[in-house]
2 protein chains.
Amino acid sequence: VSEILAVDLGGTNIRVARFPSAQPPATNLSKTPTHAAEGTEAVVARILQAIDALAPPSRSGMRIGIGAPGPLDPRRGRVFGAPNLPGWTDVPLRDLVAAHFGCPVAIGNDANLAALAEWRFGAGRGSSDMIYLTISTGIGGGVISDGRLLLGTHGLAAEVGHMTIQMDGPVCSCGQRGHLEAIASGPGIARIAAQRLAAGEASTLRDQADGKRELTAEAVGRAARQGDPLASRVIDEAAVAIGCHLANLLHAYNPQVVVFGGGVMQLGDLLLPRIEATARAQVMHPAYLEGFRIARAELGDDVGLIGAMTLASEL
Amino acid sequence: VSEILAVDLGGTNIRVARFPSAQPPATNLSKTPTHAAEGTEAVVARILQAIDALAPPSRSGMRIGIGAPGPLDPRRGRVFGAPNLPGWTDVPLRDLVAAHFGCPVAIGNDANLAALAEWRFGAGRGSSDMIYLTISTGIGGGVISDGRLLLGTHGLAAEVGHMTIQMDGPVCSCGQRGHLEAIASGPGIARIAAQRLAAGEASTLRDQADGKRELTAEAVGRAARQGDPLASRVIDEAAVAIGCHLANLLHAYNPQVVVFGGGVMQLGDLLLPRIEATARAQVMHPAYLEGFRIARAELGDDVGLIGAMTLASEL
């Protein structure tokens, strides 16, 4: 087994890790600010530098796996950009890195790679059909189908947060309407709470909303834990929306296990029982629930790096 | 290549076809009334009889493929029943037929098998990622992902008509709320038109609705063709719902081609331009549309038999 260098390209940081034996844990880790505003060339240069600093002395036999946000084409190795990576309209990142190091390189969407990591080394171990759902600033995920990452023709499949569950619902970060992300992401939860406050509903959240700081899903969760009725209702509605869409995803992919990750899962104790009950009530046939389970992600902050390593290990 | 017997088990008829060279066309075809009300045992006996009548003299090397409606488990060979197959709660159809003929047997959901047929021999030929969508009394389909039928852990994946696009929408035949099937199937279109008439809207459909015969999607389509405003609006709304969900399915599976079949596609000239325009406007990124096309099913009434044959050819 050759050494693998894994890269997690984010809007804030470029993280790199060295996996000498193609499995966790990493032996070396580094973190460099992305400075995304400086543009594509500067960021690519920083990626090359960061890999260089962690790469083994001999680069023959080295492999590199890279996770990047937003839609990208893993087959052609091109990154289409994301809200936190302005200017990346169609960057041939795989070939740029491969040309520099003269070794095999694979790239993947960060949520897809997190799915791959949780499937191989985390909460989805041993399953053949798995959905990973990350609920955070956005809602993304990945699907393992019959033991393989589901990609679709350009690698854009499994955008599980960007599906309409309410045609006349709120507008999503992607510009479309009624997507799960618009309703149940962190900003979605905060916005719905803010609208209820603006409509005059009573809540302990009012003091915070009137202040300088913007309302967050975390604050809504905290208020819900303390019994605030408005906050509890908003959290409950988000869970029902996620559960309803989870039933959709069971019909779409018929998985054995669904793994939930992302920052909003810090409210998992509030959300998950209601998500699971809703999904179980809304499947069209009980056969979908045979052997089915919901699990929480296990790999924490390194999930993207472990996923990039896993992808490269298949090169 | 050995001979293949294909069976299309429907609520009205059992159709059987003989494919001597594992490709269309069939050399012999038969049709027997299902008489589903007589129960599982009687129907299974009729299936065996119908196969027997068309099977070649030598059954060594024969293979059998069977398509059946509703959710079923192709891996374990069990049929869970459907509204038009009462009493089929968990029938080991594959093993019953295999034991009788002593040859390999495969079963599949009829919509999945139609997808397989259109992919191998019809409108989806040559693609690696395809969605087949049949819009009829119900809405079903099948997905080809990276050159394979997408099954999921129990073979229940790709129930593409039973996904919620409007959480507070009408109740579906399956009992759940806001599924595409409830909004845009033949009965869905007819019901929405009937509701508008009942609410007092003017329409040339009023004479028909007031008569003895129930309103049908066909009648709504006919009125729309003649410029009736209510009928045109109902057809347009159905197309928008289908197009909205088609964008969901592009995000879920990222196909190269979507094939539309089913009886409601007799209104395809009214529906498809609006379906396509809506889907194209509602994808989250233009990369989904690169090389993407919409096509009409090519295989007609024999699509289920050709799909069952294709499935058996892989045994």
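Here are some notes on a few spots in this structure, which is a predicted model.

1. **The tyrosines across the chains.** Let's start with the aromatic rings: over all chains, the structure holds one aromatic pair. The partners are A:Tyr253 and B:Tyr253, set edge-to-face with 5.5 Å centre to centre and 70 degrees between the planes. This pair crosses between chains, going from helix α8 (residues 229-253) of chain A to helix α8 (residues 229-253) of chain B. Have a look at how covered they are, too: A:Tyr253 and B:Tyr253 are both buried.

2. **The cavity.** Rolling a probe the size of a water molecule over the atoms shows where empty space is left. Searching the whole structure for cavities of 30 Å³ or more turns up one. The largest cavity holds about 60 Å³ of space. Its lining includes A:Pro71, A:Leu72, A:Asn109 and A:Glu159, and B:Tyr288 is also among the lining residues. Sorted by class, that lining has seven nonpolar, four polar and one charged residues.

3. **Strand β4 of chain B.** If you want a covered strand to look at, try β4 (residues 63-68) of chain B, where six of the six residues are buried. In a regular strand the side chains alternate between the two faces of the sheet. Here B:Arg63, B:Gly65 and B:Gly67 point one way from β4(B), while B:Ile64, B:Ile66 and B:Ala68 point the other way, and all are buried. Note that B:Arg63 is on that buried list.

4. **The neighbours of that strand.** Which strands pair with β4(B)? One is β1 (residues 4-9) of chain B, which pairs with β4(B) in the parallel sense over five bridges. Within this pairing, B:Val7 has B:Ile66 of β4(B) as its bridge partner. Another is β7 (residues 105-109) of chain B, joined to β4(B) by five bridges and running parallel. There, B:Ala68 stands opposite B:Asn109 of β7(B).

5. **The cysteines.** How many disulfides are there over all chains? The count is zero. A:Cys172 is in no disulfide, and its nearest cysteine sulfur, that of A:Cys174, is 3.9 Å away, whereas a disulfide needs the sulfur atoms within 2.5 Å. A:Cys172 is buried, at a relative accessible area of 5%. In chain B, B:Cys172 is likewise in no disulfide, with the sulfur of B:Cys174 the nearest cysteine sulfur at 3.8 Å. B:Cys172 is buried, with a relative accessible area of 5%.

Conventions:
Residues are numbered from 1 along each chain as its sequence is written. Chains are lettered from A and ligands numbered from 1 in the order in which they are written. This is a predicted model: local features need pLDDT of at least 70, side-chain atom pairs count only at pLDDT 80 or more; totals for chains, interfaces and linings use all residues. Side-chain values use heavy atoms; hydrogens and water are left out. Rings of Phe, Tyr and Trp (its six-membered ring) pair if their centres lie within 6.5 Å; planes under 30 degrees apart count as stacked, over 60 as edge-to-face and the rest as tilted. Helices (H or I, at least four residues) and strands (E, at least two) are DSSP runs, numbered from the N terminus. Buried means under 20% relative accessible area, exposed over 50%, partly exposed in between (1.4 Å probe, protein chains only). On a 1 Å grid over the protein atoms alone, a cavity is a set of points where a 1.4 Å probe fits but cannot get out, and a pocket is an open set with protein on both sides within 12 Å along at least five of seven lines; lining residues have an atom within 4 Å of a point. Grid points are joined across faces, edges and corners, and a volume is the space filled by probe spheres set on the points. Ala, Val, Leu, Ile, Met, Phe, Trp, Tyr, Cys and Pro count as nonpolar, Asp, Glu, Lys and Arg as charged, and the others, Gly among them, as polar. Two strands pair if DSSP finds at least two bridges between them.
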